[in-house]
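Welcome, and thanks for opening the viewer. Please load the model below and keep your selection panel handy.

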Amino acid sequence: MTSSDLTGSTALVTGASRGFGRAIAAALHGDGARVVAVARNAELLSSLRDELGDTLTPVVADAADPVVAGALLERYQPDTLVLNAGAAPLLRPLQQHTWETFSRTWDVDVRHAFHWIREALLLPLRRGSTVVAMSSGAAVAGSPLSGGYAGAKAAIRFLTGYAADESERAGLGIRFISLLPRLTPATGLGSDAVAAYARRDGLDLGEYLERLGPGLTPEDVGKATVDLVTSAEHAAGPYLLSTAGLAPLG
């Protein structure tokens with residue numbers, strides 16, 4: 001999409017029931033898109049529809065299921081696809097993980113991104129469509145208390161880049177962008193992580209938050225996502241997001 005707003009378009013958001021995904025769904029809806037919100041929690045999806053109205057379509061499904069990815073892309077043919085679903089990591093130092101807990105985000109987050117990105121290329125989505133895959137600032141900075149989380153988010157960044165190359169090679173005209181928000185206590189996952197790192201450093205939560213500095217809000221992430229989708233200035237590629245705004249990564 002290269003127009004100034006999303007009026008008349010369709011956006012599909014996975015992991016849309018809470019946190020960043022919920023805020024992204026609201027921001028896309030506010031910019032005029034018909035939003036398909038995918039998540040496993042029916043109650044939270046219902047409350048999102050009550051909040052946004054009948055132009056939001058809630059779909060209760062497991063976004064990591066490859067059948068769900070293929071079926072929903074064929075059914076809704078979204079102009080904007082935001083891949084936000086993922087598992088909360090177990091917050092422990094490396095030696096306290098098993099392989100199963102360490103690899104949880106690979107089994108969910110990376111698997112989810114792979115299935116949807118693959119289906120977007122295979123269908124393919126319409127020329128001019130945009131796929132935004134949520135990575136994390138941890139893909140750059142690391143995350144020693146979350147097992148394989150940082151590596152999984154780095155893999156999502158690379159997968160998205162590979163897809164951008166394949167879209168260009170095949171002349172599909174689909175933009176693939178990864179978004180890497182910095183750590184923030186404003187979501188459930190981020191709040192748990194901040195508390196864990198404060199304990200690790202022997203600081204109380206207030207001291208750690210002061211050291212961390214101002215954090216992103218879910219609304220900041222929603223606005224940045226809309227900016228990525230609607231602005232022709234944002235080419236395919238990874239973007240780091242902090243309170244200073246979007247910054248392209250090399």
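What follows is a walk through helix pairs, two backbone details and a pocket. Bear in mind along the way that this is a predicted model.

**Stop 1: α1 and α2**

Begin by selecting residues 19-30, which form α1, together with residues 42-52, which form helix α2. The two axes come within 11 Å of each other and cross at roughly 25°. Because of that angle, α1 counts as roughly parallel to α2. The crossing of α1 and α2 is right-handed. To see where they touch, show side chains for R22, A25, A26 and H29 on the α1 side, and for L44, S47, L48, E51 and L52 on the α2 side. Coloured by class, the α1-α2 contact gives you five nonpolar, two polar and two charged residues.

**Stop 2: α3 and α5**

Next, select residues 66-76 for helix α3 and residues 104-122 for helix α5. Here the axes come within 9 Å and cross at roughly 35°. The α3-α5 crossing is right-handed. On α3, pick out P66, V68, A69, G70, L72 and L73; they meet H115, W116, E119 and A120 of α5. The contact of α3 with α5 divides into seven nonpolar residues, two polar and one charged.

**Stop 3: two backbone details**

Stay in this part of the chain and move to Q77, in the loop between α3 and β4 (80-83). What is phi of Q77? It is near 45°, a positive value in a residue other than glycine.

Now go to P124, in the loop between α5 and β5 (130-134). Is the peptide bond from L123 to P124 cis or trans? It is cis, with omega near -20°.

**Stop 4: α5 and α7**

Keep α5 on screen and add α7, residues 149-170. The axes of α5 and α7 come within 9 Å and cross at roughly 10°, which means that α5 is roughly parallel to α7. From α5, select T105, W106, D109, V110, A113, F114, I117 and L121. Their partners in α7 are Y149, G151, A152, K153, A155, I156, L159, T160, A163, E166 and S167. By class, this contact of α5 with α7 has twelve nonpolar, four polar and three charged residues.

**Stop 5: the largest pocket**

Finally, turn on a surface and look for the largest pocket, with a volume of about 1,300 Å³. To centre your view, select G86, A87, A88, Y149 and L189, the closest to the pocket's centre of the 50 residues that line it. You have already met Y149, as one of the α7 residues in the contact with α5.

Which elements give two or more residues to the lining? They are α1, β2 (34-39), α5, α6 (138-141), α7, α8 (188-200) and α9 (205-212). Of these, colour α8 separately: it gives the most to the lining of the largest pocket, with seven residues. A last recolouring by class shows 24 nonpolar, 16 polar and ten charged residues in the pocket lining.

Methods. Residues are numbered from 1 along each chain as its sequence is written. This is a predicted model: local features need pLDDT of at least 70, side-chain atom pairs count only at pLDDT 80 or more; totals for chains, interfaces and linings use all residues. Side-chain values use heavy atoms; hydrogens and water are left out. Axes are lines fitted to C-alpha atoms, for helices over the stretch in contact, and angles run from 0 to 180 degrees between N-to-C directions. Helices (H or I, at least four residues) and strands (E, at least two) are DSSP runs, numbered from the N terminus. A crossing is left-handed if the near helix is turned anticlockwise from the far one by less than a right angle, and right-handed if clockwise. Contact means heavy atoms within 4.5 Å. Ala, Val, Leu, Ile, Met, Phe, Trp, Tyr, Cys and Pro count as nonpolar, Asp, Glu, Lys and Arg as charged, and the others, Gly among them, as polar. On a 1 Å grid over the protein atoms alone, a cavity is a set of points where a 1.4 Å probe fits but cannot get out, and a pocket is an open set with protein on both sides within 12 Å along at least five of seven lines; lining residues have an atom within 4 Å of a point. Grid points are joined across faces, edges and corners, and a volume is the space filled by probe spheres set on the points. Angles under 35 degrees count as roughly parallel, over 145 as roughly antiparallel, 65 to 115 as roughly perpendicular and the rest as oblique.
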